[in-house]
Amino acid sequence: MELLPISTPHCRIERDGHVVIVTMNRPEARNALSSDMLIGLASAWAYVSREPGVRAAVLTGAEGTFCAGADLKAMGQPSADPEVQARAAQIPNFHWKGLLREDLPAKPVICAVEGYAVAGGTELLIGTDLRVVAESATLGLFEAKRALFPMGGAAIRLPRQIPYCHAMDLLLTGRSITAEEALAMGLVNRVVPDGHALTTARELADDIAASGPLAVQAILRTYRDTLGLAEPEALKVSDEYGWPVIGSEDAREGSRAFKEKRPAVYRGA
């Protein structure tokens, strides 16, 4: 595992082959969001998007907690690291990018949740593509209960991802839910024993990394770019992204590997 120089004190970013592991690293504050952490997250997502060898990312939290939401005081203060502070000036809207509110990574992000993933922690989860949650984890959007607003986009995204009545239950009451409730609502993919969320998320990331990267990225892009479009217009976008994948060398390699009964070796071309 290689620790990347884009890491910050509150955000550890590591690469292992085709997979990047992003760890929110502020355990003394239950990994509550700080400016330093958001700069690190924004840097991580930019790296994942631009590096051709990266095929998936995993987002997790240090020492048994995912993220307890925003630390409003810490989010309003610059990083204590001068180099990280200087980097912030080079990343417009690093808060929104770090929160996965805008400029989403071009590759899939899987979250691995242990402990608390509440408020901004749940909003981060909603911004990811696959979600693994430990059985004793706690999720929830507490903003309305505290007369606040979920600025990470949950008021828009959540009703698009799960049934309306469940989304409004979470958004309007501000109550917490268990991992099993989240699974029943369709908010998460898997519930695993405590301590196994990261391992399972990494297995999913490796499965994605073994798939054709052009296909994976085109599927993600098609979904995002067709939100709100009628089906005929959406199918035009789908064809625009899909036909180049069908004609790629990776597609030919996939067919060869299937016929030869061996693992495919994809090169993203």
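Two strands are taken to pair if DSSP finds at least two bridges between them. By that criterion, in this predicted model, β5 pairs with strand β7 (residues 130–134) in the parallel sense, over 4 bridges. Within this pairing, alanine 112 has valine 132 of β7 as its bridge partner. Strand β4 (residues 56–61) is also paired with β5 in the parallel sense, here over 3 bridges, and alanine 57 stands opposite valine 109 of β5.

Strand β5 itself, which covers residues 109–113, is mostly covered, with 5 of its 5 residues buried. In a regular strand the side chains alternate between the two faces of the sheet. The strand at hand makes a pleasant illustration: Val109, Cys111 and Val113 point one way from β5, while Ile110 and Ala112 point the other way, and all are buried.

A further sheet is open and holds 3 strands in the order β6-β8-β9, with mixed pairing. Its edge strands are β6 (116–118) and β9 (176–178), each of which pairs on one side only. On average, neighbouring strands of this sheet are turned by 25 degrees against each other, direction ignored. Strand β8 (residues 138–140) pairs with β9 in the antiparallel sense over 3 bridges, and leucine 139 has isoleucine 177 in β9 as its bridge partner. Helix α5 (residues 120–127) packs on the sheet and touches both β6 and β8; the direction of α5 makes about 85 degrees with that of β6.

Turning to the helices, α1 (residues 35–50) offers a handy check on geometry. At 1.5 Å a residue, its 16 residues should span 22 Å, and the end C-alpha atoms are 23 Å apart, which agrees. Because 13 of the 16 residues of α1 are buried, this helix is largely enclosed by the rest of the structure.

Two packed helices are described by the angle between their axes and the distance between the axes. For helix α10 (residues 213–225) and helix α11 (residues 231–246), the axes come within 9 Å and cross at roughly 175 degrees. Angles over 145 degrees count as roughly antiparallel, and α10 and α11 are therefore roughly antiparallel to each other. On the α10 side, the contact is made by Leu214, Ala215, Ala218, Arg221, Thr222 and Asp225, which meet Val237, Ser238, Tyr241 and Val245 of α11. The residues of this contact divide into 6 nonpolar, 2 polar and 2 charged.

The loop between α10 and α11 contains threonine 226. With a relative accessible area of 16%, threonine 226 is buried, since the cut-off for burial is under 20%. Apart from its neighbours within four places in sequence, threonine 226 is in contact with Ala234 and Val237. Of these, Val237 is also one of the α11 residues that meet α10.

Another threonine, at position 23, lies in strand β3 (residues 19–24). Threonine 23 is buried as well, with a relative accessible area of 4%. Neighbours within four places in sequence aside, the contacts of threonine 23 are with His10, Cys11, Arg12, Thr60, Gly61 and Ala62. Among these, Thr60 and Gly61 fall within the residue range of β4 (56–61). Threonine 23 and serine 49 are 26 residues apart in sequence, and their C-alpha atoms are 17 Å apart in space.

Conventions:
Residues are numbered from 1 along each chain as its sequence is written. This is a predicted model: local features need pLDDT of at least 70, side-chain atom pairs count only at pLDDT 80 or more; totals for chains, interfaces and linings use all residues. Side-chain values use heavy atoms; hydrogens and water are left out. Helices (H or I, at least four residues) and strands (E, at least two) are DSSP runs, numbered from the N terminus. The expected span of a helix is 1.5 Å times one less than its number of residues. Buried means under 20% relative accessible area, exposed over 50%, partly exposed in between (1.4 Å probe, protein chains only). Axes are lines fitted to C-alpha atoms, for helices over the stretch in contact, and angles run from 0 to 180 degrees between N-to-C directions. Contact means heavy atoms within 4.5 Å. Angles under 35 degrees count as roughly parallel, over 145 as roughly antiparallel, 65 to 115 as roughly perpendicular and the rest as oblique. Ala, Val, Leu, Ile, Met, Phe, Trp, Tyr, Cys and Pro count as nonpolar, Asp, Glu, Lys and Arg as charged, and the others, Gly among them, as polar.
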